[in-house]
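Subject: Structure handover

Hello,

Here is the structure you were waiting for. My notes on it follow below.

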Amino acid sequence: MKALNVVIIDDDPLLRKLTSRFLRDHKDVHIAGIAETGNAGLEMVRDYKPNVVILDIQLPDGNPQSIIEQVKCLSPKTKVYLCSAYSDEKVEATVKQVHADGFVSKTNLKDGLTLMVHAEQARSSA
């Protein structure tokens with residue numbers, strides 16, 4: 001199975017560390033880059049063309065819709081999963097509105113990342 005390349009974009013250092021650590025628990029996942037700003041993350045998308053971007057829903061330098069649009073321009077096949085500590089109806093609406101490919105809750109991060117990895121691996125092998 002081909003490795004799943006992931007870029008993490010989150011302004012919280014602890015969540016960047018946890019996300020990275022949980023993803024490394026999966027042998028077929030490669031962390032292509034970790035960024036604390038949308039702009040830095042977009043540079044990584046341009047350079048690495050990852051399979052997946054995990055994007056914090058609230059970044060100081062950009063809104064999720066703008067960042068997702070830029071990701072899709074730079075790397076059309078890249079899937080973008082929004083990540084938030086909130087998991088209410090407003091977040092679900094935002095995921096649909098900005099055309100994200102999925103959602104990972106920070107309150108259940110390890111399980112959410114595991115589900116995302118399995119879904120993307122199944123998608124790539126189909």
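Where is Lys-49 found? Lys-49 sits in the loop that runs between H2 and strand S3 (52–56). Please keep in mind throughout that this is a predicted model. I come back to this lysine further down, after the overall fold and the helix contacts.

Overall fold

The protein has five helices and five strands. In sequence order they follow the pattern β-α-β-α-β-α-β-α-β-α. The radius of gyration is 13 Å, close to the 14 Å that the globule rule gives for 126 residues, so the protein is as compact as a globular protein of that length. Its C-alpha trace spans about 35 × 30 × 30 Å along the principal axes.

Of the 126 residues, 46% count as buried. Among contacts with a separation of 6 or more, 63% are made by residues 24 or more positions apart.

Helix H1 against helix H5

Helix H1 covers residues 13–24 and helix H5 covers residues 109–125; their axes come within 10 Å and cross at roughly 50°. That angle makes H1 oblique to H5. The crossing of H1 past H5 is right-handed.

Which residues meet here? From H1 they are Leu-15, Leu-18, Thr-19, Phe-22 and Leu-23. Their counterparts in H5 are Leu-109, Lys-110, Leu-113, Met-116 and Val-117. By class, the contact of H1 with H5 holds eight nonpolar residues, one polar and one charged.

Two further residues belong with this part of the model. Ser-20 also lies in helix H1. Is Ser-20 buried or exposed? Its relative accessible area is 3%, and because buried means under 20%, Ser-20 counts as buried. Leaving aside neighbours within four places in sequence, Ser-20 is in contact with three isoleucines, Ile-8, Ile-31 and Ile-34.

His-26 is in the loop between H1 and strand S2 (29–35). His-26 is buried, with a relative accessible area of 16%. Not counting residues up to four places away in sequence, His-26 touches Thr-114 and Val-117. Val-117 is also one of the H5 residues that meet H1.

Helix H2 against helix H3

The second helix pair consists of H2 (residues 38–48) and H3 (residues 64–74), whose axes come within 9 Å and cross at roughly 15°. Angles under 35 degrees count as roughly parallel, so H2 is roughly parallel to H3. H2 passes H3 in a right-handed crossing.

On the H2 side, the residues in this contact are Gly-38, Leu-42, Val-45 and Arg-46. On the H3 side they are Ile-67, Gln-70, Val-71 and Leu-74. The contact of H2 with H3 divides into five nonpolar, two polar and one charged residues.

Helix H4 and Thr-94

Thr-94 is placed in helix H4 (residues 89–97). With a relative accessible area of 19%, Thr-94 is buried; the cut-off for buried is under 20%. Apart from residues up to four places away in sequence, Thr-94 touches Ile-57 and Leu-82.

How are Thr-94 and Thr-19 separated? Their C-alpha atoms are 21 Å apart, and the two residues are 75 residues apart along the chain. Thr-19 is the threonine listed above in the contact of H1 with H5.

Two loop residues with positive phi

Most residues other than glycine have a negative phi. Two residues in this model are worth listing on that account.

Lys-49, in the loop between H2 and S3, has a positive phi of about 45° although it is not a glycine. Lys-49 is partly exposed, with a relative accessible area of 45%.

His-99 is placed in the loop between H4 and strand S5 (102–105). Phi of His-99 is near 60°, again a positive value in a residue other than glycine. At 58% relative accessibility, His-99 counts as exposed, whereas His-26, in the loop after H1, is buried.

Regards

Note on methods: Residues numbered from 1 in each chain as written. Predicted model: local features only at pLDDT ≥ 70, side-chain atom pairs only at ≥ 80, totals over all residues. Heavy atoms only, no water. Axes fitted to C-alpha atoms, helices over the stretch in contact; angles between N-to-C directions. Helix = DSSP H or I, 4+ residues; strand = E, 2+ residues; numbered from the N terminus. Parallel < 35°, antiparallel > 145°, perpendicular 65-115°, else oblique. Left-handed = near helix turned anticlockwise from the far one by under 90°. Contact = heavy atoms within 4.5 Å. Nonpolar A, V, L, I, M, F, W, Y, C, P; charged D, E, K, R; others polar. Rg over C-alpha atoms; globule rule 2.2 N^0.38 Å. Buried < 20%, exposed > 50% of the residue type's maximum accessible area, 1.4 Å probe, protein only.
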